[in-house]
Amino acid sequence: MAAFEVRGGKALRGEITPQGAKNEALQILCAVLLTSEPVTISNIPDIRDVNKLIELLRDMGVKVGKLATDTYIFQAESVNLDYMDSPEFVAQAGALRGSVMILGPMLGRYGRCQLPKPGGDKIGRRPMDTHFLGLEKLGGKLTLEGTDFYRIKAEGRLRGTHMLLDEASVTGTANILMAAVLAEGITTIYNAACEPYLQQLCRMLVRMGANIQGIGSNLLTIEGVERLGGTEHRMLPDMIEIGSFIGLAAMTGSEITIKDCQIAELGLIPDTFRKLGIQLEFRGDDIHIPAQEHYEIATYLDGSILTVSDHTWPGFTPDLLSIVLVVACQAKGTVLIHQKMFESRLFFVDKLIDMGAQVILCDPHRATVIGLDQRTRLRGITMTSPDIRAGVALLIAALSAEGKSTIENVEQIDRGYQNIDLRLNALGADIRRL
């Protein structure tokens, strides 16, 4: 098990470019299964979860060529359907949350798919009902073997229909969308997710020949086509990395410029960090964070304590609440963090408390942070990364802390952040991989 040894208290300085978006990659890569023609994708992040998904596609029979460090060409001309019956497939797919995204493309193009219960972060319940209810409405027949193996099959071509999703699930919407583009007739998806990554998927499918209306809204209308062709696609920068770097700069009193952020696609992220008192300057598509000795949390107009909560897009992304929580530890003022979607994602605050932070875990979904306003530095400790986002939050805490911290199980961080130790060391951090 790898670990980071972090010596904190150093102000960082320089420029950093975010990787391609992990959450977009998991959808976009699976969309190559919808066509027999070549698909070229660029700005692919070199991270564990994405590389494992590319390996899974290759083992399923997709031809994969690497054109550059971040650019691949895929051709799903001859997918090996029998591979899904192999123990190797079960092991691969079961270890990777992103494997769920093959359901829609495989059902739409081949009429069947099977999948073990996907792995991923242990951040709470992540039910797949939305995926399967939508695919069943298109004509798929679901069979559940035991409690952790799913088979879905269609007799003939899928047929378009109207559906109202029980939740605006990003991956659920993406799976249903990828099945519907090859279905017969018209499908309408109401209460669809509309995150920028989902919009990117829609635009890619349109370039491949799909007919999709309502992109960017919560009502998608898809008129099915007989076949899709190849295309080229470039992924957005990762908004979670961008938010992480903003928080890192503030908490360590650093001057950092984040390059090529596609600011128009960031939604409430910049404004949420500004509510914590963090200064941001937009320079074209770059975000410059000047060094600040102090930052003060805003209050509501009546003077009451600010609440930062997650919500479906265009609300604030749940993946950044861990970062907001840790950054608030050194702000001036108090904030309530309300994690609505996942009941285990705040279960890292005990480490922050051990470091000297003033945090009250109210219940599995809420934590109150009383900022130290830099009057007292956090102290280095030994801790374990519980999931990707909490791991980076703890890394930010360690970089701001006095003394040495050791973060174990950094394989979790590697699943979502590309060479994060090397990239931050280039800015002046002191992180050693053990």
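These questions and answers go through some features of a predicted model.

User: Which strands sit at the edges of the open sheet with the order β4-β5-β3-β13?
Analyst: The sheet has 4 strands, and the pairing is mixed. From one strand to the next, the twist averages 20°. An edge strand pairs on one side only, and that holds for β4 (63-68) and β13 (231-234).

User: Which residue in β5 does I41 stand opposite?
Analyst: Strand β3 covers residues 39-42 and strand β5 covers residues 71-75. The two pair in the antiparallel sense over 3 bridges. Across from I41, in β5, stands Y72.

User: At about what angle does helix α7 run to β13?
Analyst: Helix α7 spans residues 196-207 and lies across β3 and β13. The angle between α7 and β13 is about 160°.

User: Why is C194 in no disulfide, and how far away is the closest cysteine sulfur?
Analyst: A disulfide is a covalent bond between the sulfur atoms of two cysteines. Here a pair counts if the sulfur atoms are within 2.5 Å. The closest cysteine sulfur to that of C194 belongs to C202, and it is too far for a bond, at 10 Å.

User: How many disulfides does the structure hold, and how far is C113 from the nearest cysteine sulfur?
Analyst: The structure holds 0 disulfides. C113 is in none, and the nearest cysteine sulfur is that of C30, at a distance of 9.5 Å.

User: Is C113 buried or exposed?
Analyst: The cut-off for buried is under 20% relative accessible area. C113 has 2% relative accessibility, so C113 counts as buried.

User: Which residue in β16 is the bridge partner of F282?
Analyst: Strand β15 (residues 281-283) pairs with β16 in the antiparallel sense over 3 bridges. The two form a hairpin with 2 residues between them, and G284 in the turn has a positive phi of about 65°. On the β16 side, F282 has as its bridge partner I287.

User: Which residue of β14 stands opposite I287?
Analyst: Strand β14 (residues 255-258) runs antiparallel to β16, and 3 bridges join them. In β16 (residues 286-289), D286 and H288 on one side and I287 and I289 on the other are all buried. The residue opposite I287 is I258.

User: About how much space lies in the largest cavity?
Analyst: There are 2 cavities of 30 Å³ or more. The lining of the largest cavity includes S244, V392 and L424, and α8 (239-251), α12 (388-400) and α14 (420-425) each supply at least two residues of that lining. The space in the largest cavity is about 50 Å³.

How values were computed
Residues numbered from 1 in each chain as written. Predicted model: local features only at pLDDT ≥ 70, side-chain atom pairs only at ≥ 80, totals over all residues. Heavy atoms only, no water. Pairing = 2+ DSSP bridges. Axes fitted to C-alpha atoms, helices over the stretch in contact; angles between N-to-C directions. Contact = heavy atoms within 4.5 Å. Buried < 20%, exposed > 50% of the residue type's maximum accessible area, 1.4 Å probe, protein only. 1 Å grid on protein atoms, 1.4 Å probe; cavity = no way out; pocket = protein on both sides within 12 Å on 5 of 7 lines; lining within 4 Å. Points joined across faces, edges and corners; volume = space filled by probe spheres on them.
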